[in-house]
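Trainee: I would ask for a close look at the charged side chains of this model. Please take one charged surface region as the starting point and proceed from there to the pairings between opposite charges.

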Amino acid sequence: MATDDIDDVDRAVLYALQEDARNLSSSEIAKRSGTSDSTVRKRIKRLEERQIIKGYHAAIDYQKSGYPLQMLLFCTAPIPERGKKIEDVLAIDGVVSVQELVTGEKNLLVTVVGENDDDITPVAQELLDLGLTVADEVLVRTHKTTPFGGFTRTLSDEGD
């Protein structure tokens, strides 16, 4: 299943899982997508095998869970090394995500959470120790997400 093989049923399944993967059953997703329960289960399995669905994760409100500071650190890594640095950056205590950016000097975006400045400051030093330069720091006040609207296309008469 290549990217072109994602049809409207797959999109409906992906959208539903983004909305509430924990509480929606395959039969509920089937009703939404106009297909059968077994079709939804097969589609989910296929999407997982192709790593289009990479996992199921809890959306954590870090502020409410005792980590009120969320900082974005825009870093610069040598271009041939930036992708190789991601796993090392993720291993740093307090780092919750890393994004590889492909335009501009700032080519890694590191998200860090902590209780106070003393939790976040050492992360910058560890990034420097990995050979990265911290080019900019941004304190995040609020972060919200929504399911991708491109998965809400109308279903066609395509088969399994």
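Mentor: In this predicted model, a negative surface patch is made up of Asp93, Glu115, Asp117, Asp118, Asp119, Glu126 and Asp129. One of these members, aspartate 129, is located in helix α5, which covers residues 117-129. Aspartate 129 counts as exposed because its relative accessibility is 59%, and the cut-off for that class is over 50%. Membership of the patch also requires that a residue have no salt bridge, so the acidic residues that do pair with a base have to be considered separately.

Side chains of opposite charge can pair when their charged atoms come close. The structure holds 10 salt bridges, and several of them merit individual attention.

Consider helix α1, residues 8-20, where aspartate 8 lies. The side chains of aspartate 8 and arginine 11 meet in a salt bridge, with an N to O distance of 2.9 Å. The two side chains also make a polar contact, again at 2.9 Å. Arginine 11 and aspartate 8 are separated by about one helical turn, because they stand three residues apart in helix α1. As for accessibility, aspartate 8 has a relative accessible area of 10% and is therefore buried, and arginine 11, at 14%, is likewise classed as buried; the limit for that class is under 20%.

Helix α1 also contains aspartate 10, which forms a salt bridge with arginine 46; the closest N and O atoms of that pair are 3.9 Å apart. Arginine 46 belongs to helix α3 (residues 37-49) and aspartate 10 to helix α1, so this pair ties together parts that are 36 residues apart in sequence. The accessibility of the two partners falls into separate classes: arginine 46 is partly exposed, with a relative accessible area of 29%, whereas aspartate 10 is buried, with a value of 0%. Both residues also take part in a network of salt bridges that links Asp7, Asp10, Arg43 and Arg46.

Helix α3 holds a further pair, aspartate 37 and arginine 41, which lie four residues apart, or about one turn of the helix. Their side chains meet in a salt bridge with an N to O distance of 2.6 Å. Aspartate 37, at 28% relative accessibility, counts as partly exposed, and arginine 41 is placed in that class as well, at 45%.

Beyond helix α3, glutamine 51 is found in the loop between α3 and β1, the latter being residues 69-76. Most residues other than glycine have a negative phi, and most peptide bonds are trans. Glutamine 51 has a positive phi, near 60°, although this residue is not a glycine. At 59% relative accessibility, glutamine 51 counts as exposed.

A last charged residue to inspect is arginine 141, in the segment after β4 (133-140). Arginine 141 is exposed, with a relative accessible area of 74%. Its C-alpha atom is separated by 8.2 Å from that of leucine 69, although the two residues are 72 residues apart along the chain.

To return to the starting point, the patch that includes Asp129 is negative and lies at the surface, while aspartate 8 and aspartate 10 are buried acidic residues, the former bridged to arginine 11 and the latter to arginine 46.

Methods: Residues are numbered from 1 along each chain as its sequence is written. This is a predicted model: local features need pLDDT of at least 70, side-chain atom pairs count only at pLDDT 80 or more; totals for chains, interfaces and linings use all residues. Side-chain values use heavy atoms; hydrogens and water are left out. Patches are made of residues with over 30% relative accessible area and no salt bridge: like charges are joined within 9 Å, nonpolar side chains (Val, Leu, Ile, Met, Phe, Trp, Tyr) within 5 Å. Accessible areas come from the Shrake-Rupley method with a 1.4 Å probe; for residues, only the protein chains shown count as cover. A salt bridge is a side-chain nitrogen of Lys or Arg within 4 Å of a carboxyl oxygen of Asp or Glu. Lys and Arg count as positive and Asp and Glu as negative; His and the chain ends are not counted. The place of a charge is taken as NZ of Lys, CZ of Arg, CG of Asp or CD of Glu. Helices (H or I, at least four residues) and strands (E, at least two) are DSSP runs, numbered from the N terminus. Buried means under 20% relative accessible area, exposed over 50%, partly exposed in between (1.4 Å probe, protein chains only). A polar contact is a pair of N or O atoms within 3.5 Å; within protein, one must be able to donate a hydrogen and the other to accept it, and residues adjacent in sequence count only if both atoms are side-chain atoms.
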